Amino acid sequence: MSEIHIMTHPLIRHKITLLRMESTGTNEFRKLVEEIAVLMGYEALADLKTKDVEIKTPIEDSIQPIIDGKKMAIVPILRAGLGMVGGLLALVPNAKIGHIGMYRDEKTHIPHAYYCKLPPLISQRQIIVVDPMLATGGSMIDAVSEIKAQGGSCIKCMCIIAAPEGVDAFRKKHPDVELYIGALDRCLNENAYICPGLGDAGDRIFGTK
Ligand code: PRP
Ligand code: URA
């Protein structure tokens, strides 16, 4: 069973608190999602491989590390995952971007896939799937299943807020996938919304509703 990483950094916790507040408007909400994605990405990429290269500083020749290893793919789950892409690109500007479109049926809460386009050579990439919310877990579970079906195997998932129900379901289905969670909340309500949560992430990022 791979690890669950729950963020403890005070900056991440502080920004998630601001994100939760009903009074936080669309503009600030978007900025916060992106900033949290940077901070969580920093943690999630801590195991990136490096190799030594020879460089010349103004003072002398030197052997120093640079990032090496698998090429990266960032895969947001539409719509809300799009809000996290800029933050990760700030860390890994050369990453390719895939997209997976999912929406939850409002009554059954079952996710429906409507789009999937992944970068080429997906089997050779380190894949980071991003979605701010892991509620029942259905959307993330299906997204990862689709990525695996297309050959992806080296996968990490990042979500800003998760419910215990979703984490359990996800780990049962994808025990090999590492999960990075900004905050683990109390439970789901009768509409499968996370409590205390932040409401509908897609609506708050895009100003819809
Ligand atoms: C939200 C959210 C996740 C999903 C989480 O998207 O961004 O993708 O719900 O719920 P789950 O864990 O129970 O599957 P939504 O389906 O509302 O679509 P949207 O991003 O287009 O608003
Ligand atoms: N999707 C959201 O955007 N928020 C929730 O609390 C649950 C699912």
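A residue is taken to be near a molecule if one of its heavy atoms lies within 4 Å of that molecule. By this criterion, in the predicted model described here, the shell around ligand 2 consists of R104, M133, A135, A192, Y193, I194, G199, D200 and A201. Sorted by class, these residues comprise six nonpolar, one polar and two charged members.

Polar contacts to ligand 2 involve the protein backbone at several positions. An oxygen atom of ligand 2 lies 2.8 Å from a backbone N or O atom of I194. A backbone N or O atom of A201 is likewise placed 2.8 Å from an oxygen atom of the ligand, while at G199 a backbone N or O atom lies 2.8 Å from a nitrogen atom of ligand 2. On its own, ligand 2 has 240 Å² of accessible area, of which the protein covers 88%.

Ligand 1 is surrounded by 16 residues, the closest being R104, D131, A135, T136 and S139. R104 and A135 also appear in the shell of ligand 2. The shell around ligand 1 is made up of seven nonpolar, five polar and four charged residues. With respect to secondary structure, β6, β9 and α4 each contribute at least two residues to this shell, and the largest share, three residues, is supplied by β6.

The polar contacts of ligand 1 include both side-chain and backbone atoms. A polar side-chain atom of T136 is found 2.6 Å from an oxygen atom of ligand 1. At G137, a polar backbone atom lies 2.8 Å from an oxygen atom of ligand 1, and at A80 the corresponding distance from a polar backbone atom to a ligand oxygen is 3.3 Å. The accessible area of ligand 1 on its own is 500 Å², and the protein covers 90% of it.

The pockets of the protein were examined next. Rolling a probe the size of a water molecule over the atoms shows where empty space is left. The largest pocket holds about 750 Å³ of space. Its lining has 29 residues, among which Y103, R104, Y193, D200 and G202 are the closest to the centre of the pocket. Two or more lining residues come from each of β4 (71-78), β6 (99-104), β9 (133-134), α4 (138-149) and α6 (201-206). The lining of the largest pocket divides into 14 nonpolar, seven polar and eight charged residues.

Both ligands are assigned to this pocket: the space taken by ligand 1 is the largest pocket, and the space taken by ligand 2 is the largest pocket as well. Of the residues closest to the pocket centre, R104, Y193 and D200 also belong to the shell around ligand 2, and R104 is among the residues closest to ligand 1.

The second largest pocket contains about 380 Å³ of space. Its lining comprises 16 residues, and L48, I67, M72, L91 and V92 lie nearest its centre. At least two lining residues are supplied by each of α2 (26-44) and β4; β4 also gives two or more residues to the lining of the largest pocket. By class, the lining of the second largest pocket has ten nonpolar, three polar and three charged residues.

Terms used
Residues are numbered from 1 along each chain as its sequence is written. Chains are lettered from A and ligands numbered from 1 in the order in which they are written. This is a predicted model: local features need pLDDT of at least 70, side-chain atom pairs count only at pLDDT 80 or more; totals for chains, interfaces and linings use all residues. Side-chain values use heavy atoms; hydrogens and water are left out. A polar contact is a pair of N or O atoms within 3.5 Å; within protein, one must be able to donate a hydrogen and the other to accept it, and residues adjacent in sequence count only if both atoms are side-chain atoms. Accessible areas come from the Shrake-Rupley method with a 1.4 Å probe; for residues, only the protein chains shown count as cover. On a 1 Å grid over the protein atoms alone, a cavity is a set of points where a 1.4 Å probe fits but cannot get out, and a pocket is an open set with protein on both sides within 12 Å along at least five of seven lines; lining residues have an atom within 4 Å of a point. A molecule sits in a cavity or pocket if more than half of its atoms lie within 2 Å of its grid points. Ala, Val, Leu, Ile, Met, Phe, Trp, Tyr, Cys and Pro count as nonpolar, Asp, Glu, Lys and Arg as charged, and the others, Gly among them, as polar. Grid points are joined across faces, edges and corners, and a volume is the space filled by probe spheres set on the points. Helices (H or I, at least four residues) and strands (E, at least two) are DSSP runs, numbered from the N terminus.
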